[in-house]
Each structure stands twice: as structure tokens, then as C-alpha cells.
Amino acid sequence: MKKITLLSLAAIAALATEPVTIQKITVEATAPKTDSKNVAADEMVKFSRQSDLGEMLSNTLPEITHVRNSGVGNDIILRGFRKDNINVTIDDAKVCGACPNRMDPPAMHVSSSQIETVEVQEGPFDVTQFGSLGGKINVVTKDPAKGIHGEISGTAGSYDYRKLSTVLEGGNDSVQALVGFSRETSGQYKDGNGHTLTEQTDLLATMAGQKYADAYKNMDAYDRNNFWTKIVGNIGSNQKLTLSYFGDRADDVLYPRYKMDAQKDDTDMFNVKYQLFNLSDFSDELKIEGYHSKVEHIMGTDFRKSATTPAMTMVAPVDATIKGASIENTLTLAGTTVSVGLDGSVRNWDGTKGTKVNPSRFILIPDVDTKNIALYAKASKSIGKYDLSAGARYDDTTIDPKQSLALNDAVNAAYLNGIKDRDYNNFSANILAKYHYTDNTNVFMGLGQSIRVPDAKELYWVTVNTAGTANTNSATNGGNDNLKATKNREIDLGAEHTAGNFHIKGTAFYSDLKDFIYQYKTGASTNTWANIDARIVGLDLQADYMLNNEWRIESGAAYQKGTKKDPHALGQNDKDLAEIPPMKGRVALVFDNSADYAMAEFLAARFQTIDSDNGEQEVAGYGILNLKYGHDFQNGFSLMAGVNNFFNRTYAVNNGYIGNELITGDGIDPLVLNEPGRNFYTTLSYKF
């Protein structure tokens with residue numbers, strides 16, 4: 001009898017006409033990946049108009065919520081962890097967005113047409129990457145195939161959405177290569193009330209300067225081009241070399257939630273991986289990896305009412321670069337798989353701001369280098385009915401702002417001479433166990449500690465006093481260069497059971513956060529970061545039932561609650577942590593055979609707590625219906641069509657924490673941006 005795995009994700013969202021696999025790797029999934037028992041969810045996600053990885057994952061897994069920033073570039077919250085508190089990697093390589101307010105989060109820097117698999121690992125159970133405090137999301141891109149193959153697809157949808165994507169690949173036994181290109185444009189979507197992105201800013205009672213000038217109210221939401229290539233070479237019988245490149249060019253992206261828009265967002269990513277297999281009894285695989293990514297981001301107020309003259313038009317160029325390398329050896333000793341690795345990276349973040357005509361530029365982030373080197377080890381073994389694994393990592397991190405800039409910057413000299421370097425030495429570890437009570441039932445547990453050091457914005461973010469003239473302005477540290485590293489000490493417990501065509505799995509977690517880095521208000525118009533002790537607790541439940549070989553029911557729900565242990569340490573009273581996603585659930589009826597695919601999906605959420613002391617606003621719960629249908633013509637052509645938010649509901653998925661401001665010092669809570677109203681799309685693709 002056919003069984004269904006946990007979280008059959010087939011009808012939720014999609015990334016490309018060719019199915020994409022999502023693996024939800026929970027605490028029991030740390031044994032060797034060749035053991036399929038360790039994959040908690042592995043199902044295909046079919047195409048929709050969603051071009052944004054954050055939005056796709058939000059509509060796929062209840063424990064993930066996206067942060068709506070615009071029509072594209074939406075960030076990810078996993079189990080209440082966001083920003084640097086989770087790792088988002090592409091082929092295990094990091095890309096760091098340049099925007100201080102994450103207009104360009106890491107999840108943005110990949111084309112949907114590239115993606116083969118999305119791996120979601122929850123909790124502090126990854127020791128291979130620097131800073132996996134609350135989880136890790138890794139995007140695995142497609143490898144080229146032998147022969148000659150290609151694909152071209154086009155999507156059209158509501159709000160003048162257009163996307164064209166093409167991929168060509170080929171090769172022989174020795175070398176395979178692919179090249180791809182996609183172009184994507186979209187007008188401004190409308191929410192359920194019929195308001196466009198720019199019109200939503202018109203509803204602000206204050207902040208007249210944040211509103212859009214009449215000449216730009218009807219401009220497109222974004223224009224984006226992606227191009228990528230990958231080459232795989234098989235050297236002899238036991239060596240493999242993989243080279244890849246990705247480029248992203250986004251222009252004039254509207255971000256109505258903030259005071260600026262992105263005029264330029266250029267990304268270049270290079271990645272190389274060299275693998276040697278079966279070198280000796282002490283090396284099953286030796287893997288050497290290196291990567292380099294750079295993001296150039298220019299923000300400005302050109303489209304806003306505040307830009308009345310060139311002297312009143314703000315511009316803020318910010319760059320972010322990260323380069324890293326690792327070497328890992330995997331071997332088998334007495335039935336135990338052991339991996340030992342050395343990992344290192346250097347992240348640079350540099351940002352300034354000024355006006356169109358003022359030659360003086362003021363520091364936002366003072367050209368900061370974050371250097372990390374680490375040694376890690378992990379091991380896994382199956383003993384009878386038990387799957388066991390453990391891991392450990394030691395990190396040595398230095399963070400170095402460029403005080404030398406003071407020599408050429410008299411305006412900011414006092415600030416630059418006052419900030420200090422930071423050094424952190426941290427240890428992370430975890431132990432995991434899964435017990436197969438029967439062939440159809442198992443229970444699992446994980447204990448772990450992970451570390452996250454402060455980033456450059458949290459340490460050195462500049463508040464610029466613009467009350468004086470260009471020559472008397474001064475800079476002060478809006479960050480806190482005394483911040484400690486955050487420790488997440490977490491326990492995960494769960495159980496899984498299969499009974500015929502029914503599958504259910506539940507996971508609960510308790511996360512104790514020591515010195516959690518938290519942004520909070522210090523006054524009516526100021527805010528900064530501090531270390532606080534906090535906790536996040538939560539659970540998620542997924543259940544699926546296969547009605548027959550073609551029909552199935554899918555469902556899932558998640559709940560998280562975050563608490564400050566002592567809000568009085570911040571001079572506040574609200575114990576609720578900000579940015580904790582609501583109780584959220586999903587249920588879907590899916591039909592899927594070799595030619596036709598249909599889905600009716602209901603998503604619902606209820607907001608339960610907010611941090612009212614720090615700008616979060618009450619947001620109503622919601623329930624929406626999505627419908628999809630697709631047909632494979634069995635001759636290379638396929639067609640997919642759908643409607644999202646069928647009943648045209650007006651709703652928002654996140655609220656207005658002060659951490660979503662762009663520039664501190666205005667005392668105004670950020671705009672809560674509504675989601676798109678009813679929208680249609682259709683995609684036609686051809687593969688050969």
C-alpha cells in the first residue's frame with residue numbers, strides 16, 4: 001500500500017515548471033543523508049507565480065513566515081528566528097545582503113529556475129556553518145545533465161507580472177555544463193482593498209516625506225535579471241570539480257515600508273567545490289570548497305515627496321562582501337561516519353549616506369571586517385533501533401571597524417576613534433537520538449548549543465546628527481559595541497507515526513536564549529541593541545492522508561511564543577518578544593497523476609502576542625484560499641494556472657517592529673504592508 005511522507009508539499013507553492021524538492025531536516029535527520037529514513041519531508045513543489053524564496057517557504061512550512069518588504073526581496077522568520085539568527089546558504093556558500101534593513105536578504109539572491117532542492121534544518125544542530133543559531137536553510141542548485149537539454153518558460157499574471165526563463169545544458173561523461181537566464185518584471189500589486197504599494201504609504205497619518213511623489217506613484221514594483229552557469233568536471237574515477245557563478249541585477253525596486261527604495265542591487269556569486277573520493281581507509285571523501293560573493297546596494301529617496309531638490313534627495317550606497325573556504329574529510333570508523341572540517345570566512349560591510357549635491361558622505365557602517373575561523377567535527381551511527389549523532393564546533397571571531405577612516409573624515413573622527421574592535425571565542429555542540437519503537441513509529445530528541453556573534457550594524461550602526469551644517473555634523477554610535485555573543489541552548493522532542501495511508505509527526509522545542517541580541521526603543525526617537533535573556537517555545541504538527549493513488553489531504557500547523565525574561569532590564573514592561581510569527585496552519589486537497597495536477601489550499605493564521613513597547617502593532621488574523629491546476633501534454637509542453645487569495649482578503653503576515661526601520665531617530669513605527677489581493681497567473685513551458 002502506498003505511503004505518504006510527512007508534509008507532502010506538492011501543491012503549496014512553486015519555483016519552476018520542473019518540480020523542486022523540499023527537505024525538512026529535523027533533529028533526527030543528522031545521520032548520513034543516504035539513509036532515507038532521516039528525511040522528514042521530501043515532496044515536489046509545483047509552479048506558481050511566486051518568484052521569491054522567502055514567500056514560497058512561508059506558504060510551504062507553517063513554522064516559516066516571510067517579512068513583507070515589497071513585491072520581491074522578502075525575508076524569512078524560522079521558528080521566531082530571523083536575520084543573522086538563521087543561516088541561509090546557496091550550495092552551502094554564504095551571501096550577505098548589503099542593505100542594513102535587509103531589502104536584499106540572502107534568500108533573494110537565487111533564481112527560482114536554478115533550484116533543485118531546499119533543505120530546511122531547524123534548531124541549533126548544524127556545526128558546519130558559522131552562526132547557525134536557530135536553524136539553517138540551504139538552497140541546492142541544479143547540476144547539468146549529460147546530452148543536450150533545454151527549457152524555456154514564460155509566466156504572465158495579475159499586476160503586469162511577467163517572467164521569461166531559459167536554460168540550456170549538455171555534456172558527456174567527463175564534463176557537463178549549463179547556462180541560464182531569466183528576466184522578471186512586475187507592476188505594483190494591489191491588496192484586498194485595491195491599494196497599490198505606493199497608495200499604502202498614503203494611508204500613513206504622519207511621515208509625509210515617506211510618501212511617493214505623484215510622478216512615481218504608478219511606476220513598476222521592480223525589474224530584475226538573473227544569469228547563471230555551472231560546470232561539473234569528472235576527473236578520473238574518483239575526483240569531481242564543480243564551478244558555478246550567479247549574477248543578479250535588480251533596479252528601481254520599490255520598498256514602501258521604508259523611507260528609501262533600492263535604485264541598484266547587483267549581486268555576483270562565485271563558488272568552487274573539489275571532491276576526492278575513496279582516497280584511503282581514512283578518507284571516504286575529501287571536500288574542499290571556496291566561495292566569494294559581493295552585493296552592491298544603492299538606496300535613495302528619489303521617488304519620495306521629501307526629494308524636493310537635489311540637496312534634499314538622500315542616497316546611501318552600501319556594499320557587502322563575503323569570501324570563505326572550508327576543507328572537510330569524511331571517513332568510516334567501526335561503523336561510525338565521522339567528518340572533521342576546518343572552516344573560515346571574512347565578511348566586509350561598508351555603508352555611507354549623503355545627498356545628491358553634498359560631497360560630504362556620512363558613515364552608516366564603518367567598513368567592518370568580521371573574520372572567523374573554526375574547527376568542527378560530527379559523527380553518526382546506527383545501533384539497533386537507535387540512530388545517534390553528535391557534533392561540536394569551536395569558533396574564533398574578530399570584528400574590526402576601520403578607525404583609520406578618521407584620518408580622512410573629520411566629521412566622524414570622534415565616533416571612529418571611540419569605537420572598538422571585538423573578539424569572540426565560542427563553543428557549539430549537539431547530541432541527537434532517534435528511537436524506532438516499531439517499523440511505523442519513532443521518537444526523537446535533540447540537545448544543542450549554538451552561538452551567534454553580533455553583526456556590524458548591531459555593533460557600530462551610526463546615528464547621524466544632521467542639525468548643523470555639513471561641516472559641523474557629528475556621528476554617534478546607534479549600535480552597541482559592548483554586545484556579547486548570543487547562546488541558544490535548546491531541546492527538541494518529537495514523535496512520528498505511520499498507519500497505512502496516514503502519516504503524522506509532531507515536534508516541540510524549548511529554546512533558552514542567553515544574551516539574546518535585541519533591538520529596543522531608548523526614547524521617543526532613539527533605539528539601540530542590548531543583550532537580554534529570553535526564551536522561545538513552540539511546536540509544529542503535520543499530518544497527511546492518501547485517499548488513493550491520485551487524491552490526498554495535506555495539513556500542518558505551527559505555534560511559537562517568545563518571552564523576555566526581564567523586560568525591566570530595558571526599562572520596559574512588555575514581556576513579549578518581537579517578530580514571533582502567529583499560530584499558522586494549512587490544509588489542502590490535492591489531485592496528482594502523470595498528466596494533471598490540481599489543488600485547493602486554505603492558509604490561516606492568528607496573531608497572538610506583540611511587543612508593544614518596541615513598535616509592533618496589532619494585526620488581524622486571516623484565512624485565504626488558493627487554487628491551482630496544471631497539465632503536462634506529454635510532448636515537452638506543460639501549462640499551469642492558478643489564483644491566489646481567491647476571496648480577495650485584505651491581510652498582513654507580519655507587523656511593525658522597530659527593527660524594520662531604515663534610519664533610526666524618527667520615532668515613527670514602520671508601515672505594516674498588506675499582502676496581494678486576488679491575483680491570477682499562468683505559465684507555459686517547453687522542455688527538450
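**Exercise 1.** Which residue in β5 is the bridge partner of L78? Place this bridge in its sheet.

*Solution.* The model used here is predicted.

Step 1. Look across from L78 to β5: the bridge partner there is F81.

Step 2. Identify the strands. Strand β4 covers residues 75-78, and β5 covers 81-82. The two strands pair in the antiparallel sense, over two bridges.

Step 3. Add the rest of the sheet. It is an open sheet of three strands, ordered β3-β4-β5, with antiparallel pairing. The edge strands, β3 (64-67) and β5, each pair on one side only.

**Exercise 2.** Is T486 buried or exposed? Describe its surroundings.

*Solution.*

Step 1. Locate the residue. T486 belongs to strand β25, which covers residues 486-499.

Step 2. Compare its accessibility with the cut-off. A residue is buried when its relative accessible area is under 20%. T486 is buried because its relative accessibility is 0%.

Step 3. List the contacts, leaving aside neighbours within four places in sequence. T486 touches L133, S450, I451, R452, K514, D515, F516 and I517.

Step 4. Take one of these contacts, S450. S450 and T486 are 36 residues apart along the chain, and their C-alpha atoms are separated by 8.3 Å.

Step 5. Find the polar contacts of the side chain. A polar atom of the T486 side chain lies 2.8 Å from the backbone oxygen of D515. The T486 side chain also reaches the backbone nitrogen of I517, at 3.2 Å.

Methods:
Residues are numbered from 1 along each chain as its sequence is written. This is a predicted model: local features need pLDDT of at least 70, side-chain atom pairs count only at pLDDT 80 or more; totals for chains, interfaces and linings use all residues. Side-chain values use heavy atoms; hydrogens and water are left out. Two strands pair if DSSP finds at least two bridges between them. Helices (H or I, at least four residues) and strands (E, at least two) are DSSP runs, numbered from the N terminus. Buried means under 20% relative accessible area, exposed over 50%, partly exposed in between (1.4 Å probe, protein chains only). Contact means heavy atoms within 4.5 Å. A polar contact is a pair of N or O atoms within 3.5 Å; within protein, one must be able to donate a hydrogen and the other to accept it, and residues adjacent in sequence count only if both atoms are side-chain atoms.
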